[in-house]
Amino acid sequence: SNLATRAELGRFPLWIEAHSRLYSYYNRLREVPTHSLQHQAFLVQQDLQQRNVPCWLSNVNKILTESGYGYLLLNQDRNLPSVQTEVKQRLKDIFLQTFYSELNSNGKNKNQGNKLRTYKKFKHTYEREEYLNIYNFSHRRAMAKLRVSDHPLQIEVGRHNRTPPNDRLCTLCNSNRIED
């Protein structure tokens, strides 16, 4: 899954950086000279937002409000560039909460289980994994495929075939155990 791949690399989605920069640009627009074209465009955005017309500024408002920083939009007399780091960290925290929630959920379909059910057994921190430093590409790829459930074991193949998790038994031995 995308989540597992991103977690293996310890990378955050690009939207976090983009949303953080939105706030930075918003802050900059508030400080430009009133005679500039940028300031005039900003005033148009404020007018559109006040009339509840979807616009760039309403997106900034939504992002800041959802991340707990909506009050920054009301604070028009202060430039708060140091808050950009806090906003970015808060967006990362929100992403991590969503990641761990999805990782620990039972999946969307109770009969199929969570694709990440095996992954959550060994992934405990959101950081780049050491095995990614293995020089041999074949070994590194095999480890990555096993960890992110991109392998031919029955626990994964059965998920694609819609076989209930309890029926995804090992086909290589006679143990009648779930292959995961």
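At what angle do H1 and H6 pack, and how far apart are their axes? H1 and H6 pack at an angle of about 120°, and their axes lie 11 Å apart. Axes here are lines fitted to C-alpha atoms, for helices over the stretch in contact, and angles run from 0 to 180 degrees between N-to-C directions.

This is a predicted model, in which local features need pLDDT of at least 70, side-chain atom pairs count only at pLDDT 80 or more, and totals for chains, interfaces and linings use all residues. Residues are numbered from 1 along each chain as its sequence is written, and side-chain values use heavy atoms, without hydrogens and water.

**H1 against H6**

The angle makes H1 oblique to H6 (under 35 degrees is roughly parallel, over 145 roughly antiparallel, 65 to 115 roughly perpendicular, the rest oblique). Leu3, Arg6 and Ala7 in H1 meet Phe95, Phe99 and Glu102 in H6. Contact means heavy atoms within 4.5 Å. Helices are DSSP runs (H or I, at least four residues), numbered from the N terminus.

**Two helices checked for length**

The expected span is 1.5 Å times one less than the number of residues. For both helices below, the end C-alpha distance agrees with it.

| Helix | Residues | Expected span | End C-alpha atoms apart |
|---|---|---|---|
| H2 | 18 residues | 26 Å | 26 Å |
| H3 | 14 residues | 20 Å | 20 Å |

Which residues of H3 are buried? They are His39, Phe42, Gln45 and Leu48. Buried means under 20% relative accessible area, exposed over 50%, and partly exposed in between (1.4 Å probe, protein chains only). The cover over these H3 residues includes H2 and H4. H2 has buried residues too, among them Ile16, Tyr23, Tyr26 and Arg30. After H3 comes asparagine 52, with a positive phi near 60°.

**The core**

A nonpolar core is a set of buried Ala, Val, Leu, Ile, Met, Phe, Trp, Tyr and Cys residues joined through side-chain atoms within 4.5 Å. The largest one has 27 residues. Those that touch the most other members are Tyr26, Leu64, Leu72, Val87, Phe95, Phe99 and Tyr119. H1, H2, H3, H4, H5 and H6 each supply at least two residues of this core. H6 gives the most, with seven residues.

**A glutamate in a loop**

Glutamate 129 lies in the loop between H6 and H7. Glutamate 129 counts as buried because its relative accessible area is 16%. Leaving aside neighbours within four places in sequence, glutamate 129 is in contact with Glu8, Lys123 and Arg147.
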